Amino acid sequence: NVLFFDFIQYNMKIRKEVESQKKAQQNFKENQDSVNAIKKRIGLLNSDLESYQDKIIAENPESFVSVMLKAMKEPEVKNVPILANGREDSTYRFQYYKSHYWDNFNLADDRMLRTPLFHKRLERYFKDIVYQNPDSIILAADEFINKTRENKEVFKYSVWYLTYKFETSKIMGFDEIFVHMVDTYYAKGEAFWADSSTVRAMTKHANALRPILIGEKAPELILIDTAGKFVSLHHISAKYLVVLFYESDCGHCKKEITELREWMSFQEYGVQFFAVCT
């Protein structure tokens, strides 16, 4: 507690001076020499704070404060290759940062779950660091969860968080990630905290989503058309088939159908419509 209090005091002192320097920089922005001097001073202040952190970690390696301070450290990218055009390889910088993102974070210490650090870092990783595509996120989720297996509580929180995050996601296509999480961790019994009724409900939800995931063949629909004939969705010969669900008194539907009418001109390219009045 004393260590943590000391660090907070020192951190506040440095941050206060940095803010003061930044305000001064605004007043001297027309004077490049002054601006450079202020930037140098800010750099020195940040270096002092980092050195102070390193000292606490080195002198108190078993302290929880040290564990937290180490977890707050960002990966330091070194030896960045220079491209033929003379610029740094930004792809290398990003890939290095991504692959070393968790290096300073002790995922075997469940005390971190009781701090804001773990959730914020986890949220940032899957929102800003991992490429926002279902395949990339699924790969990153499995890799990350494997890192947490040493501690049951960290494993539990990670699996729960990622499952819930993508079950409730509003981004089209991310339901595939939820289905993967259920299939990989809940249906196979790895979610030791979930009772049988919970697993059944989640599996039922995943199974309902499975046939309508992006890339899957749409389920068969055999309906009576306006001429009183049965029409099969799977037997419509079209290069591109638009399936539209609508209600005749739905304002949103009327707006969208008006937009879709413009697509009628693409029928010569193999575009067909299968409209279902719900």
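Where does T184 sit in this protein, and in which helix is its place? The legends below take that up, starting with the whole chain. Keep in mind that this is a predicted model.

**Figure 1. The whole protein, from one end of the chain to the other.** Count up the secondary structure and you get 10 helices and 4 strands. Walk along the sequence and the pattern reads α-α-α-α-α-α-α-α-α-β-β-β-α-β. The radius of gyration is 27 Å, well over the 19 Å that the globule rule gives for 278 residues, so the protein is more spread out than a compact globule. If you boxed up the C-alpha atoms along the principal axes, you'd need roughly 80 × 55 × 45 Å.

**Figure 2. Surface, inside and charges.** About 18,700 Å² of the protein is exposed, and carbon and sulfur atoms supply 53% of that area. As for the inside, 32% of the 278 residues count as buried. Now look at who touches whom: take the contacts between residues at least 6 apart in sequence, and 57% of them join residues at least 24 apart. The charged side chains come to 38 positive and 39 negative, and the centres of these two sets lie 3 Å apart.

**Figure 3. Close-up of T184 in helix α8.** Here's the answer to the opening question: T184 has its place in helix α8, which covers residues 175-186. Is T184 buried or exposed? Its relative accessible area is 18%, and the cut-off for buried is under 20%, so T184 counts as buried. Zoom in on its side chain and you'll find one of its polar atoms 2.8 Å from the backbone oxygen of H180. Set aside the neighbours within four places in sequence, and T184 is in contact with D142 and E190.

**Figure 4. Close-up of K73 in a loop.** This time we're in the loop between α3 (64-71) and α4 (90-99), where K73 has its place. K73 has a relative accessibility of 19%, so this residue counts as buried too, given that buried means under 20%. Which side chain joins that of K73 in a polar contact of 2.7 Å? The partner is D54. D54 also turns up among the residues in contact with K73 once neighbours within four places in sequence are left aside; the others on that list are E50, I57, N104 and R121.

Terms used:
Residues are numbered from 1 along each chain as its sequence is written. This is a predicted model: local features need pLDDT of at least 70, side-chain atom pairs count only at pLDDT 80 or more; totals for chains, interfaces and linings use all residues. Side-chain values use heavy atoms; hydrogens and water are left out. Helices (H or I, at least four residues) and strands (E, at least two) are DSSP runs, numbered from the N terminus. The radius of gyration is taken over C-alpha atoms; the globule rule is 2.2 Å times the number of residues to the power 0.38. Buried means under 20% relative accessible area, exposed over 50%, partly exposed in between (1.4 Å probe, protein chains only). Contact means heavy atoms within 4.5 Å. Accessible areas come from the Shrake-Rupley method with a 1.4 Å probe; for residues, only the protein chains shown count as cover. Lys and Arg count as positive and Asp and Glu as negative; His and the chain ends are not counted. The place of a charge is taken as NZ of Lys, CZ of Arg, CG of Asp or CD of Glu. A polar contact is a pair of N or O atoms within 3.5 Å; within protein, one must be able to donate a hydrogen and the other to accept it, and residues adjacent in sequence count only if both atoms are side-chain atoms.
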